[in-house]
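Please open the model in your viewer and keep the selection panel at hand. The stops below go from one selection to the next.

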Amino acid sequence: MSLTQEQVVEALRPVQDPELRRSIVDLGMVKAVHIDAAAIGVQVALTVAGCPLRNEIQTRVTTAVTALAGVDAVAIDFGVMSEDERAKVREIMGGGHSHQGGGQAHGHAEGKAVPFNQPGNKTRPLLIASGKGGVGKSSVTVNLAVALASQGYSVGVVDADIYGYSSPRMLGTDRDPVVIDDMLVPPEQHGVRCISIGYFVPDGQAIIWRGPMLHKALEQFLADVFWDEPDYLLIDMPPGTGDIALSLSQYLPKAEVLVVTTPQPAAQKVARLSAAMAKKVNLPVRGVIENMSWFTGDDGKRYELFGTG
């Protein structure tokens, strides 16, 4: 049976860009199809040069086309989108909207709204907070995110602990975010998308920023990152009740709070302050997670190293 170009394009329609999770046909990535008897040539324009998932796209396209009857060989020719084509991709992804109307526009300087505050947005933001550092808040955030993803939920993590970022390393992400036009696409690992200042700072370099720069970064993490409306957005908060915590409560007025503590009285005391702050800014505290409750020795006994209760 002789194939038509239209049939090949339709076979490619279900193929999704691994990062944007949209059809490569709908995104305009399929530039041309050439048919030479049983050999098919496909021209694909990548969103960015050096696309980290090029091999994955190649596999998906090859699998889709070879499934067609009578196809013996598939050749893929990769190119890169122009600036105009990338701008169209951003529009398709819903990134071209600006905040309309009065009231508080908790978006960044260009007037972009934080998508999680928009009417009808289904994402549940969870703020993972603690009174003090070292209680395992980041570990709890990452494990909770991966557990939710393994249950079939779509999950994003914002590493808002700007000075003590650790989420990328804990998740084991092996690539940086991709920038399309001015939209950041977060890398995904274990089914969890994650954005962190750690992707943008040279390894081993300290971040020495004052408040306004921190808030700008957080704002961009919420407004400029392509999250694609996950079921859950987990925010790994910095310890304590500083102004980052206050900003996040304003950016995400629908957020729910989980407080992490260890059993020591000192940790519990400052954990109470986190809960008290949440109450003050009208965010519900959904629960307290006691971490490092005990250590199980080789003898099978539980040792409560930090006390109990």
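Across which strands does α4 lie, and at about what angle does α4 run to β10? In this predicted model, select helix α4, residues 137–150, together with the strands beneath your question: α4 lies across β4, β5, β9, β10, β11 and β12, and its direction makes about 170° with that of β10. The helix has 14 residues and spans 20 Å from its first C-alpha to its last, close to the 20 Å expected at 1.5 Å a residue. Colour its buried residues next, which are Lys137, Ser138, Val140, Thr141, Val142, Ala145, Leu148 and Ala149. Just after α4, pause at glycine 152, whose phi is positive, at about 100°.

Now show the sheet as a whole, an open sheet of seven strands in the order β8-β9-β5-β10-β4-β11-β12, with mixed pairing. Its edge strands are β8 (188–189) and β12 (285–290), each of which pairs on one side only.

From there, select β5, residues 155–159, where five of the five residues are buried, so that the strand is largely enclosed by the rest of the structure. Val155, Val157 and Asp159 point one way from β5, whereas Gly156 and Val158 point the other way. In a regular strand, side chains alternate between the two faces of the sheet. Add the two partners of β5: strand β9 (residues 192–196) pairs with β5 in the parallel sense over five bridges, and strand β10 (residues 232–236) also runs parallel to β5, joined to it by five bridges. To check the register on each side, label glycine 156, which stands opposite arginine 193 in β9, and valine 157, which stands opposite leucine 234 in β10.

Move next to strand β4 (residues 124–129) and strand β11 (residues 256–261), which pair in the parallel sense over four bridges; here leucine 126 has glutamate 256 in β11 as its bridge partner. Helix α8 (residues 265–280) packs on the sheet, touching β4, β11 and β12, and its direction makes about 170° with that of β11.

For the last stop, select serine 23, in the loop between α1 (5–12) and β1 (30–36). Is serine 23 buried or exposed? With a relative accessible area of 8%, serine 23 counts as buried, because the cut-off for that term is under 20%. Its side chain reaches the backbone oxygen of arginine 13 at 2.8 Å, and, leaving aside residues up to four places away in sequence, serine 23 touches Arg13, Val15 and Gln16.

How values were computed:
Residues are numbered from 1 along each chain as its sequence is written. This is a predicted model: local features need pLDDT of at least 70, side-chain atom pairs count only at pLDDT 80 or more; totals for chains, interfaces and linings use all residues. Side-chain values use heavy atoms; hydrogens and water are left out. Helices (H or I, at least four residues) and strands (E, at least two) are DSSP runs, numbered from the N terminus. Buried means under 20% relative accessible area, exposed over 50%, partly exposed in between (1.4 Å probe, protein chains only). A polar contact is a pair of N or O atoms within 3.5 Å; within protein, one must be able to donate a hydrogen and the other to accept it, and residues adjacent in sequence count only if both atoms are side-chain atoms. Contact means heavy atoms within 4.5 Å. Two strands pair if DSSP finds at least two bridges between them. The expected span of a helix is 1.5 Å times one less than its number of residues. Axes are lines fitted to C-alpha atoms, for helices over the stretch in contact, and angles run from 0 to 180 degrees between N-to-C directions.
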